[in-house]
Amino acid sequence: MRLFEATHVFKHDWETVSLANWRKYPNDKTPHVRHVEVLNQDVDPETGVLRTERLIMVRQNVPTLLRKLFGGDASYVLEYSEVDPRQKSMMMQSQNMTFSNVLSVGEHILYKPDPDNLDHTQFIQSAQLKASTALCRLANKVEDMCWNRFKDNAQIGKLGLEQVVSKILAERQEMVMAQVVE
């Protein structure tokens with residue numbers, strides 16, 4: 001089993017970063033994410049917490065041998081999230097659905113205001129990657145390969161989110177300028 005942990009501070013407020021998260025796909029930084037489908041979404045009328053369940057289709061660049069062995073390069077991830085606007089927190093948990101009997105990848109993400117600067121957003125990410133014991137000697141190699149891919153995708157995902165934040169800030173600026181002109 002391999003563990004992955006990362007933290008990052010986005011130099012933008014929680015509202016902007018959490019909005020950007022919902023608009024993150026598709027973008028040119030994360031072409032491996034091909035489709036996102038909302039399966040269920042509801043808002044708790046008492047707490048205001050938004051709960052969402054999404055199915056995410058991912059295409060990874062996998063070696064030809066693995067593609068033939070497993071029947072393709074498309075995989076599906078089930079994501080559950082909760083956004084609490086009062087507490088300013090967004091929690092996301094995801095689990096791969098495809099090939100989970102061979103490799104299980106569970107991820108947990110939390111976005112919240114940075115305690116050192118409330119105008120910034122703290123991003124906390126952890127993941128557990130576990131290859132099937134049926135893979136015997138290959139298990140460690142598979143986990144290492146997937147951990148490296150996960151690490152690379154995590155870094156690219158942050159860049160993609162920053163790109164979406166920039167779009168949101170530009171849209172806000174355009175709206176302000178349009179109001180000034182009126």
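Let me begin with a single residue, Val180, which is exposed, with a relative accessible area of 62%. I should say at once that what we are looking at is a predicted model, and that the values I quote were all computed from it. Val180 belongs to helix H3, and together with Val176 and Met177 this residue makes a nonpolar surface patch of about 280 Å². I will come back to helix H3 after we have walked through the rest of the chain.

So, the overall picture. The chain has 182 residues, of which 36% count as buried, and its secondary structure comes to 3 helices and 7 strands. If you follow the sequence from its start, the elements come in the pattern β-α-β-β-α-β-β-β-β-α. Taken along the principal axes, the box that the C-alpha atoms fill is roughly 65 × 35 × 30 Å. The accessible surface amounts to about 11100 Å², and 54% of that surface belongs to carbon and sulfur atoms. As for contacts in the chain with a separation of 6 or more, 54% of them are between residues 24 or more positions apart.

Let us turn to the sheet. In what order do the strands of the open sheet lie? The order is E1-E7-E6-E5-E4-E3-E2, with 7 strands and antiparallel pairing. Strand E1, residues 2-10, and strand E2, residues 33-43, each have a single partner strand and stand at the edges, so one side of each is left without a neighbour in the sheet. On average, and with direction ignored, neighbouring strands of this sheet are turned by 15° against each other.

Helix H1, residues 14-22, packs on this sheet and touches E1, E3, E4, strand E5 (89-96), strand E6 (103-114) and strand E7 (117-131). The direction of helix H1 makes about 25° with that of E5.

Now for the pairings themselves, and I will take them from the E3 side towards E1. Strand E3, residues 50-59, runs antiparallel to strand E4, residues 74-84, and 10 bridges join the two. Within this pair, Val58 stands opposite Ser75, while Arg51 has Glu82 in E4 as its bridge partner. On to the pair of E4 and E5, which is also antiparallel and extends over 8 bridges; here Val77 faces Asn96, which stands opposite in E5. These two strands form a hairpin with 4 residues between them, and in that hairpin Lys88 takes a positive phi near 55°.

A general remark may help when you look at the strands on the screen: in a regular strand, side chains alternate between the two faces of the sheet.

Further along, E6 and E7 pair in the antiparallel sense over 12 bridges, and the hairpin that joins E6 to E7 does so through 2 residues. In this pair, Gly106 has Gln128 in E7 as its bridge partner. Strand E7 also pairs with E1, again in the antiparallel sense, and this time over 9 bridges, with Ala6 standing opposite Gln125 in E7.

That brings me back, as promised, to helix H3, which spans residues 138-181. Helix H3 lies across E1, E6 and E7, and runs at about 10° to E1. Having started with Val180, I would like to set two other residues of this helix beside it, namely Ala139 and Asn153.

Is Ala139 buried or exposed? At 10% relative accessibility, Ala139 counts as buried, because buried here means under 20% relative accessible area. Leaving aside neighbours within four places in sequence, Ala139 is in contact with Ala131 and Ser132. The C-alpha atom of Ala139 is separated by 8.8 Å from that of Leu103, a residue that is 36 residues apart from Ala139 along the chain.

And which residues does Asn153 touch, not counting residues up to four places away in sequence? They are His32 and Gln60. Asn153 has a relative accessibility of 17% and counts as buried, whereas Val180, with which I opened, is exposed at 62%.

To close, please keep two things in view when you turn the model: the open sheet of 7 strands with its antiparallel pairing, and helix H3 lying across E1, E6 and E7.

Terms used: Residues are numbered from 1 along each chain as its sequence is written. This is a predicted model: local features need pLDDT of at least 70, side-chain atom pairs count only at pLDDT 80 or more; totals for chains, interfaces and linings use all residues. Side-chain values use heavy atoms; hydrogens and water are left out. Two strands pair if DSSP finds at least two bridges between them. Axes are lines fitted to C-alpha atoms, for helices over the stretch in contact, and angles run from 0 to 180 degrees between N-to-C directions. Contact means heavy atoms within 4.5 Å. Patches are made of residues with over 30% relative accessible area and no salt bridge: like charges are joined within 9 Å, nonpolar side chains (Val, Leu, Ile, Met, Phe, Trp, Tyr) within 5 Å. Accessible areas come from the Shrake-Rupley method with a 1.4 Å probe; for residues, only the protein chains shown count as cover. A salt bridge is a side-chain nitrogen of Lys or Arg within 4 Å of a carboxyl oxygen of Asp or Glu. Buried means under 20% relative accessible area, exposed over 50%, partly exposed in between (1.4 Å probe, protein chains only).
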